[in-house]
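Colleague: Pick one part of this model for a close look, please, and then take me on through a few other spots. Which residues are tucked away, and which stick out?

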Amino acid sequence: MDYDVIIIGATFTATGLLRKYSDRCLVIERRPQAGYEFLNALKFGTDYDKQLETDEAKALCEKFAEKNAFCGENICLFDCAGSFYSLLEGKNVLLNMEIVSVEKNEEGFTVTAHGVSGYRTFTAKKVIDTTIHEDMIKAKTLNFIVNTDKENPAPLSSDLKTEKWGYEEDTLIKCTVNVNDGYIEARRILTDLIKTLPSDYKVALVADCFDYEVKSGYPIEKGGIVFMPSCAYKNPLLAFDAGVVYGEGDVQ
């Protein structure tokens, strides 16, 4: 099938791009869900005081606020997923599709992907990749949430990277892992860290993908492909906003 634009990754940035591109745009995602780079990574984000540039991003922020995402300094995005997913309704989005190859042709690109229905081939004039690649990574963590029902729990070590989020009894901990570690290796590191925590705390949730710190310099074009990693932005609203801004400039 032919498209004007193929976007790799059903990310917050990709969803912002979709707000400006026509229906001749296709999103291909290897995971079974969208927005995972923030929601599934337990990357609730910072810099929410930064001004958003587009009306679309401001409207999404209002929807997040209606879902009580912002509670003082604590941020919780779990109840905001529905507001985000609604932006993908009626759009050309394929989940559970692994990109096999992206090759240049005379008019743009040929993209081959594989999913439950087998191999599928698409062509597009432009490809925008909003996912993370190894050469982009500066550092990464595997985040998890602990909680306690103790009135005066033992303090967590000051060496831990922690964030307050959502509920007062919960704490988000960022477990630093090696840049080259896979998820299995990272879980082992996280398990060892959990063993050092005071017994007052219980693990409530572990992220199923990494929280990345990305090198600077994006978006960038290489080989005709635009690389615009969504997780490079400080929070999902900024990532979405950047997608809308880029799409506006490209469409014009």
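Modeller: For a helix, the expected span is 1.5 Å times one less than its number of residues, and helices (H or I, at least four residues) and strands (E, at least two) are DSSP runs numbered from the N terminus. The model is predicted, so local features need pLDDT of at least 70 and side-chain atom pairs pLDDT 80 or more, while totals for chains, interfaces and linings use all residues. Numbering runs from 1 along each chain as its sequence is written, and side-chain values use heavy atoms, with hydrogens and water left out.

Let's take α4, residues 183–194, as our part. Its twelve residues reach 16 Å from the first C-alpha to the last, close to the 16 Å expected at 1.5 Å a residue. Ala186, Leu190 and Leu193 are the buried residues of α4 (buried is under 20% relative accessible area, exposed over 50%, partly exposed in between, with a 1.4 Å probe and protein chains only). Look down the axis of α4 and those buried residues fall within an arc of 55°, so they line one face of the helix (the arc is taken from directions from the helix axis to the C-beta atoms). Now spin round to the other side of α4, where Ile184 and Arg188 are exposed. What covers the buried residues of α4? The cover includes three strands: β9 (137–147), β11 (170–177) and β12 (202–206).

From the helix, hop over to strand β2, residues 25–28, which is covered on both faces. Cys25 and Val27 are buried on one side of β2, and Leu26 and Ile28 are buried on the other. β2 runs parallel to β1 (residues 2–8), with four bridges joining them (strands pair if DSSP finds at least two bridges). Isoleucine 6 stands opposite leucine 26 in β2. β2 is also parallel to β5, this time with two bridges, and there valine 27 stands opposite valine 93 in β5.

Follow the chain on from β2 and, in the loop that leads to α2, you'll come to threonine 54. Threonine 54 has 4% relative accessibility, so it counts as buried. Leaving aside residues up to four places away in sequence, threonine 54 touches Asp241, Val244, Val245 and Glu248 (contact means heavy atoms within 4.5 Å).

Another threonine worth clicking on is threonine 112, in strand β7 (residues 108–115). Threonine 112 is buried because its relative accessible area is 16%. Again skipping residues up to four places away in sequence, the neighbours that threonine 112 touches are Glu98, Ile99, Val100, Ser101, Tyr119, Arg120 and Thr121.

Last, some backbone oddities in loops. Asparagine 68 has a positive phi, near 60°, though it isn't a glycine. You'll find asparagine 68 in the loop between α2 (55–66) and β3 (70–71), and its 60% relative accessibility is why it counts as exposed. Asparagine 96 also isn't a glycine, and its phi is positive at about 55°. Asparagine 96 lies in the loop between β5 (93–94) and β6 (98–105), and counts as partly exposed because its relative accessibility is 41%. Then there's the peptide bond from tyrosine 218 to proline 219, which is cis with omega near 5°. Proline 219 is in the loop between β13 (211–214) and β14 (220–222).
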